[in-house]
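User: I have a chain to go through, strand by strand. Please take my questions in turn and keep the answers short.

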Amino acid sequence: MTNTPGTAPMPAARIEAMLVLPDGAAPTDRGYLDTLGPGPAPQRRTVASVAMNSGFVSRIYEGPWRQGALPLLAAGMTMRSEIDKAVRDLRVGGSQTVLDVACGPGNFSGRFADLLGAGGLVVGIDMSAAMLEQAVDHNAGPRVGYVRGDAARLPFADAEFDAVCCYAALYLVDEPERVLAEMVRVLAPGGRLCVMTSCARLPGAVHRAWGGRRVGGVRLFGRDEITGLLRDAGCTRITQQMRGFAQFVQADRG
């Protein structure tokens with residue numbers, strides 16, 4: 001979805017009604033709803049986090065940055081094939097409410113919204129103001145809107161969404177276990193969740209010795225870490241597909 005900057009309507013009122021914030025707190029409407037206030041994103045400063053909050057990277061993310069990194073991570077997948085996979089895995093359509101966690105410039109969010117019917121809504125959430133500015137300019141529309149917020153403390157009620165997606169972000173966040181738990185919390189019973197993240201694909205003993213350390217702020221997950229966390233959170237029908245150094249995990253909330 002591509003729009004002339006600033007012209008596509010955002011369903012701000014509907015999304016604002018979904019937010020659960022501390023008493024007296026109110027989001028700021030910057031074209032996206034900001035629940036974090038001014039200043040930098042509240043996360044540990046790493047090479048990766050600095051890049052994701054960069055205005056320059058946000059402008060090239062959908063092109064050279066992501067399309068250059070994806071084939072290395074996921075053994076040759078294109079951006080379009082990755083989005084199409086997320087659409088299939090989430091079974092996007094109809095009047096679903098869909099949450100796109102760490103949405104970046106909204107390339108997934110916008111595509112999901114294109115496939116929804118009357119009553120459908122996509123909410124993209126990200127910490128980076130620079131990324132959200134790009135999302136508002138290029139992937140806005142009547143069935144999609146954006147929130148600046150913390151994925152480890154999602155500002156939504158339990159069971160708010162029919163589908164939740166998080167692609168190419170868990171390996172960057174400070175608290176990936178908490179982010180996964182929050183994704184499950186806001187997912188309605190019977191709802192669908194999908195994740196794409198890193199996978200070290202190392203022998204168990206080697207990975208245990210590695211200890212889940214990060215390289216440049218990027219965490220390498222063990223083969224069973226993500227599926228185990230989702231199982232512990234009560235998910236069912238968990239499937240995992242490996243491609244290069246990436247893993248694609250799908251699950252239903254029981």
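The questions below go from the whole chain to single residues.

User: What kind of model is this, and what is the mean pLDDT of the protein chain?

Analyst: This is a predicted model: local features need pLDDT of at least 70, side-chain atom pairs count only at pLDDT 80 or more, and totals for chains, interfaces and linings use all residues. Residues are numbered from 1 along each chain as its sequence is written, and side-chain values use heavy atoms, with hydrogens and water left out. The pLDDT is the predictor's confidence in each residue, from 0 to 100. In the protein chain, 74% of residues reach 70 or more, and the mean pLDDT is 83.

User: Over which residues is the pLDDT below 50?

Analyst: Where pLDDT is low, the predicted coordinates should not be read in detail. One such stretch has 18 contacts beyond near neighbours in sequence, and another has 13; contact means heavy atoms within 4.5 Å. The stretches are residues 45-52 and residues 54-60.

User: How many helices and strands are there, and in what order do the strands of the open sheet come?

Analyst: Helices (H or I, at least four residues) and strands (E, at least two) are DSSP runs, numbered from the N terminus. The protein chain has nine helices and 11 strands. Two strands pair if DSSP finds at least two bridges between them. Nine strands form the open sheet, with mixed pairing, in the order E1-E2-E5-E4-E3-E6-E7-E11-E10.

User: Which are the edge strands?

Analyst: An edge strand here pairs on one side only. That holds for the strand at 28-29 and the strand at 235-243. They are E1 and E10.

User: Is strand E4 enclosed or open to the outside?

Analyst: Buried means under 20% relative accessible area, exposed over 50%, partly exposed in between (1.4 Å probe, protein chains only). Leu121, Val123 and Ile125 point one way from E4, while Val122, Gly124 and Asp126 point the other way, and all are buried. Six of the six residues of E4 (residues 121-126) are buried, so this strand is largely enclosed.

User: Which strands pair with E4, and in what sense?

Analyst: On E3 (residues 97-101), five bridges lead to E4, and Thr97 has Leu121 as its bridge partner. With E5 (residues 144-148), E4 again pairs over five bridges, and Val122 stands opposite Val144. The partners are E3 and E5, and the sense is parallel.

User: What is the handedness of the β-α-β units that include E4?

Analyst: A crossover is right-handed if, with the strands pointing away from the viewer, the path from the first strand over the helix to the second runs clockwise. From E3 the chain passes through helix H5 (residues 107-114) to E4. A further unit is made of E4, helix H6 (residues 129-138) and E5. The crossover through H5 is right-handed, and the unit with H6 is also right-handed.

User: Which residues of H5 are buried?

Analyst: H5 is mostly covered, with six of its eight residues buried. They are Asn107, Phe108, Ser109, Gly110, Phe112 and Ala113.

User: How do E10 and E11 pair, and which residue in their turn has a positive phi?

Analyst: E10 and E11 (residues 246-253) pair in the antiparallel sense over seven bridges. Thr236 has Asp252 as its bridge partner, and Met242 stands opposite Gln247. The two strands form a hairpin with two residues between them. The turn residue with a positive phi, of about 60 degrees, is Gly244.

User: Which helix packs on the sheet touching E7, E10 and E11, and at what angle to E10?

Analyst: Axes are lines fitted to C-alpha atoms, for helices over the stretch in contact, and angles run from 0 to 180 degrees between N-to-C directions. The helix spans residues 225-232. It is H9, and the angle to E10 is about 170 degrees.

User: Where are Ala159 and Ala168, and is each buried or partly exposed?

Analyst: Ala159 is in the loop between E5 and E6, and Ala168 is in the loop between E6 and H7. Neither is a glycine, yet phi is positive, about 60 degrees for Ala159 and about 55 degrees for Ala168. With 35% relative accessibility, Ala159 is partly exposed. With a relative accessible area of 6%, Ala168 is buried.
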